[in-house]
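Got your viewer open? Load the model, get comfortable with rotating it, and keep the selection box handy.

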Amino acid sequence: YLLLGEKILRQLTQQGFFTYIGYQDLEIVLLVSLAFFLFLSLLYVVVDFALIQGIRKNHPSMLTPWIVLNMLFLIFNVIWVIRSLIFLDTKKSVVGILIIIFRCFCFICVWSLRKCLKEGSTQLKTIKSTSEIFI
């Protein structure tokens, strides 16, 4: 990452990008963004681990962190798609919509599993309509 960052910084310097932003400032931004994405990745690992353990041990409360994190990222994805539609970026809009559809499908699966675990059922029952999921 640091080698790639150095290459990007050299290219930006040659293009005159640092007339407004200092070289040190951009280096700090790159390091902060690296730390943020590292934290986000570790958070995903911990939350996914809790999801797997919750499924294995039939603990519905261990599914809750995944549901909360998924809802946050669904909200951010919707904002991202709206932004892409405003700027008429169709490729990002289509990718964003596909991501939202996939995340909603995963959310419904985990939510229905959590509901079954809360009821004490070890077998998933057939859901006749989507309104039954959230009741």
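Here is a tour with a few stops to select one after another.

**Before you click.** This is a predicted model, so to speak of local features here takes pLDDT of at least 70 and side-chain atom pairs count only at pLDDT 80 or more, while totals for chains, interfaces and linings use all residues. Residues are numbered from 1 along each chain as its sequence is written, and side-chain values use heavy atoms, leaving out hydrogens and water.

**Stop 1: the whole chain.** Switch to a cartoon view. You should find four helices and zero strands, in the order α-α-α-α along the sequence. Helices here are DSSP runs of H or I with at least four residues, strands are runs of E with at least two, and both are numbered from the N terminus. Now turn on the surface: its accessible area is about 10200 Å², and 73% of that belongs to carbon and sulfur atoms. Accessible areas come from the Shrake-Rupley method with a 1.4 Å probe, and for residues only the protein chains shown count as cover. Of the 135 residues, 24% are buried. Buried means under 20% relative accessible area, exposed means over 50%, and partly exposed is in between.

**Stop 2: helix H4.** Select residues 90–119. This helix has 30 residues and spans 43 Å from first C-alpha to last, close to the expected 44 Å. The expected span is 1.5 Å times one less than the number of residues. Which residues of H4 are buried? Among them are Ser 93, Gly 96, Ile 100, Arg 103, Phe 107 and Val 110. An α-helix has 3.6 residues a turn, so residues three or four places apart point the same way. Just after H4, click Gly 120, where phi is positive at about 90°.

**Stop 3: a neighbour from H3.** Next, select Asn 70, which sits in helix H3. Is Asn 70 buried or exposed? Asn 70 counts as buried, at 3% relative accessibility. Leaving aside residues up to four places away in sequence, Asn 70 touches Arg 103 and Phe 107; contact means heavy atoms within 4.5 Å. Both of those partners are on the buried list of H4.

**Stop 4: a nonpolar patch.** Stay with H3, residues 64–86, and pick Ile 75. Ile 75 is partly exposed, with 47% relative accessible area. Add Val 68, Leu 72, Phe 76 and Ile 79, and together with Ile 75 you have a nonpolar surface patch of about 480 Å². Patch residues have over 30% relative accessible area and no salt bridge; like charges are joined within 9 Å, and nonpolar side chains (Val, Leu, Ile, Met, Phe, Trp, Tyr) within 5 Å. A salt bridge puts a side-chain nitrogen of Lys or Arg within 4 Å of a carboxyl oxygen of Asp or Glu.

**Stop 5: the cysteines.** How many disulfides are there? The count is zero, where a disulfide is a pair of cysteine sulfur atoms within 2.5 Å. Select Cys 109: its closest cysteine sulfur, in Cys 106, is 6.4 Å away, so that is too far for a bond. Cys 109 is partly exposed at 35%, whereas Cys 116 is buried at 7%.

**Stop 6: two loops.** Most residues other than glycine have a negative phi. Now look at Asn 58, in the loop between helix H2 (23–57) and H3: its phi is positive, near 55°. Leu 88, in the loop between H3 and H4, also has a positive phi, of about 55°. Asn 58 is partly exposed at 44%, and Leu 88 is exposed at 74%.

Definitions and conventions:
Buried means under 20% relative accessible area, exposed over 50%, partly exposed in between (1.4 Å probe, protein chains only).
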